[in-house]
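Me: I am new to this structure and would like a close look at a single part of it. Could you pick one residue, walk me through its surroundings, and then show me how it fits into the whole?

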Amino acid sequence: MSNEMSNNGVVVTEAAGTLPAGVKLPIYMDNHATTPMDPRVLEAMLPYFTGTFGNAASRNHSFGWEAEQGVDKAREQIATLINATAKEIIFTSGATESNNLAIKGIAEMYKERGNHIITQVTEHKAVLDTCKRLEKYGYRVTYLPVQADGLIDLEDLKRAMDDGTILVSIMIANNEIGVVQPVAEIGKLCHEKGVIFHTDAVQAVGKIPVDVQAMNIDVLSLTAHKIYGPKGVGALYVRRRNPRVQISAQIDGGGHERGMRSGTLNVPGIVGLGKACEIAGQEMAAETARLTELRDYMKAKFENALDYVHVNGNMQHHLPGNLNMSFVYVEGESLLMGINDIAVSSGSACTSATLEPSYVLKALGLGDDVAHSSIRFGLGRFNSKAEVDYVSDKLIDVVSKLRELSPLYEMVKEGIDLTKIEWAAH
Amino acid sequence: MAYSDKVVDHYENPRNVGTLDKGSSEVGTGLVGAPECGDVMRLQIRVNPETQVIEDAKFKTFGCGSAIASSSLATEWVKGKTVSEALTISNTEIVKELALPPVKIHCSVLAEDAIRAAIGDWKKKNNVAEGAEAPAAAVAAH
Ligand SMILES: Cc1ncc(COP(=O)(O)O)c(C=O)c1O
């Protein structure tokens, strides 16, 4: 064990010699929030900042052509990864924009056909809040519940569809619990009913196989910064045949991206996104095997060392690098404070004024107390086994220490049923 | 989230962690907060029946670092005080001592509640009339 000193939240690490080989503090294990850039991506981008700086829309000189070539290549790289064609890729500023463009653009384009949209409660806010806005404009939105393991029930989806349904928006993989929805079945159902299927594939693309043909996906959002690419650049796949999907532009201007998204292209970012997709495709199989093994190893360590831990989300249909665990009877923020040389996320949002724990965990039916004690580990390309060992050992240590401090743990150990206590709400 | 040095110190070296015998007539137990809200404090005092001096205090807290620090500090402060002196401890003093940011003021309120609840419990057990400084109604209202 090392003794990092914490000083106003700043981590001061002790002499490197006492840390296990391969461990450098702080450790980043929050790869669902964002990922570090792969150096190979940076290398691909660099020329496009200086020498090859042209505007990809400049049609009459080599600066423009070269920039356009970079963009075209990226379009191919992205399309290849998801089994689409280059013409079906539209560049955006990231997945928040892609989700907005997809949902608002389809709602507007198909409003004659109907006004009903189906999504689910554990979507990212970029989908949920977009749907909420459309409700204000008179659209009907069904927010499907999820089961205790985080998966939607396909029967619920079938029942929710009606004659006015124009769009289903269900994510592939969840950013908190890593649960992978049955998108191929959802896509099939949508196509049988003639409903457009959009999916927020931010956490899935580049991590697990995504095939827009096999999965009957019509519109798909992705972003570069979750796959070791740069921040502020993303894409929207829009199907061009069987069926051809149309989208109303939400940003008007020079008519870039086939009129669907005006604005001078972020050429270096787009080149980076393309390269990130290419690398992800090449390394996916090996990376999946490595991360799944590390993730399961970490999970087993927690389960062997501690009682009252539980895994959130279905582990069969799951992202390789995700582990979301509740360390019950320990509060999440105090846990994070004890591991402040490790970057992970907590299901507790105790720092915000609301005191509301994660809506995703609550949607699984977890009590607020369990949700408050949850940690999301996001393993990524650059995490090592040594780091996993350091993080799990340290976490076990801190959880044990905090449980010594926890009145709830003591009461449960004494056989007291916490649900029978009349807690004073304050 | 930046924590003050004092919060970090209490978090890393919590004072007076533990459990006193709930059954003893000299012991008052205050259990405040709720698991759903993300913090539960249990503060216990052992009061000398002759002098009404709080001779020992223990706590256990489920909550964030500021909640742990607030309750740890509360046990330090009540020890050696008489019951009526302890009732004068206010959450604003805790906020000041630990330099708690506005979002963490509820932790100090909870610690003050815990002190009052523990003393209230002890008084009830010992049929001590409520002093002017802490009418029973005010304790229950928290
Ligand atoms: C599932 C999901 N959708 C959308 C987003 C938003 O992506 P971006 O940061 O590119 O706007 C994120 C990341 O925060 C995400 O995890």
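Reply: Glu257(A) is buried, with a relative accessible area of 9%, a value that falls under the 20% cut-off for buried residues. Please keep in mind as we go that this is a predicted model.

Where along the chain does Glu257(A) lie? Glu257(A) sits in the loop between β10 and α7 of chain A. Strand β10 covers residues 234-238, and helix α7 covers residues 267-305. The backbone at Glu257(A) also deserves a look: phi is positive there, about 50°, although Glu257(A) is not a glycine.

Which residues does Glu257(A) touch, leaving out those up to four places away in sequence? They are Arg75(A), Ile89(A), Ile90(A), Phe91(A) and Leu265(A). One of these partners, Ile90(A), is 167 residues away from Glu257(A) along the chain, yet their C-alpha atoms are separated by 5.8 Å. Another partner, Phe91(A), is met through a polar contact: the side chain of Glu257(A) reaches the backbone nitrogen of Phe91(A) at 2.7 Å. So the pair counts as a polar contact, for which the N or O atoms must be within 3.5 Å.

The loop that holds Glu257(A) has another feature to find. Pro243(A) lies in the loop between β10 and α7 too, and the peptide bond that leads from Asn242(A) into Pro243(A) is cis, with omega near -5°. If you would like to see another cis bond in chain A, go to Leu25(A) and Pro26(A), where omega is about -10°. Pro26(A) is in a loop as well, the one between β2 (10-12) and β3 (27-28).

Now for a buried residue in a strand. Asn322(A) belongs to β12, which covers residues 322-327 of chain A. Asn322(A) is buried, with a relative accessible area of 0%. Its side chain reaches a backbone atom, as the side chain of Glu257(A) does; for Asn322(A), the target is the backbone oxygen of Glu176(A), at 3.2 Å. Apart from residues up to four places away in sequence, Asn322(A) touches His32(A), Asn175(A), Glu176(A), Ile177(A), Gly178(A), Arg295(A), Arg376(A) and Phe377(A).

Let us step back to the chain that holds these residues. Chain A has 12 helices and 15 strands. Its radius of gyration is 23 Å, close to the 22 Å that the globule rule gives for 426 residues, so chain A is as compact as a globular protein of that length. Along its principal axes, the C-alpha trace spans about 75 × 55 × 35 Å. Of the 426 residues, 57% count as buried, and Glu257(A) and Asn322(A) are both in that state. Contacts that link distant parts of the sequence can be counted across chain A: among contacts between residues at least 6 apart, 71% join residues at least 24 apart.

What does chain A show on the outside? Chain A exposes about 17,400 Å², and carbon and sulfur atoms supply 53% of that area. As for its charges, the mean positions of the 41 positive and 52 negative ones are 6 Å apart.

Chain B offers a residue to set beside Glu257(A). Gln52(B) has a positive phi of about 60° although it is not a glycine, and its place is in the loop between β2 (39-47) and β3 (54-62) of chain B. Is Gln52(B) buried, partly exposed or exposed? Gln52(B) is partly exposed, with a relative accessible area of 31%, whereas Glu257(A) is buried.

Around Gln52(B), chain B has six helices and three strands. From the N terminus on, these elements run α-β-β-β-α-α-α-α-α. The radius of gyration of chain B is 14 Å, which agrees with the value near 14 Å for a compact globule of 142 residues. The C-alpha trace of chain B spans about 45 × 30 × 25 Å along its principal axes.

The other totals can be read in the same way for this chain. Buried residues make up 53% of the 142 residues in chain B. Among its contacts between residues at least 6 apart in sequence, 61% join residues at least 24 apart. Chain B exposes about 5,600 Å², with 52% supplied by carbon and sulfur atoms. Its 15 positive and 19 negative charges have mean positions 2 Å apart.

Definitions and conventions:
Residues are numbered from 1 along each chain as its sequence is written. Chains are lettered from A and ligands numbered from 1 in the order in which they are written. This is a predicted model: local features need pLDDT of at least 70, side-chain atom pairs count only at pLDDT 80 or more; totals for chains, interfaces and linings use all residues. Side-chain values use heavy atoms; hydrogens and water are left out. Helices (H or I, at least four residues) and strands (E, at least two) are DSSP runs, numbered from the N terminus. The radius of gyration is taken over C-alpha atoms; the globule rule is 2.2 Å times the number of residues to the power 0.38. Buried means under 20% relative accessible area, exposed over 50%, partly exposed in between (1.4 Å probe, protein chains only). Contact means heavy atoms within 4.5 Å. Accessible areas come from the Shrake-Rupley method with a 1.4 Å probe; for residues, only the protein chains shown count as cover. Lys and Arg count as positive and Asp and Glu as negative; His and the chain ends are not counted. The place of a charge is taken as NZ of Lys, CZ of Arg, CG of Asp or CD of Glu. A polar contact is a pair of N or O atoms within 3.5 Å; within protein, one must be able to donate a hydrogen and the other to accept it, and residues adjacent in sequence count only if both atoms are side-chain atoms.
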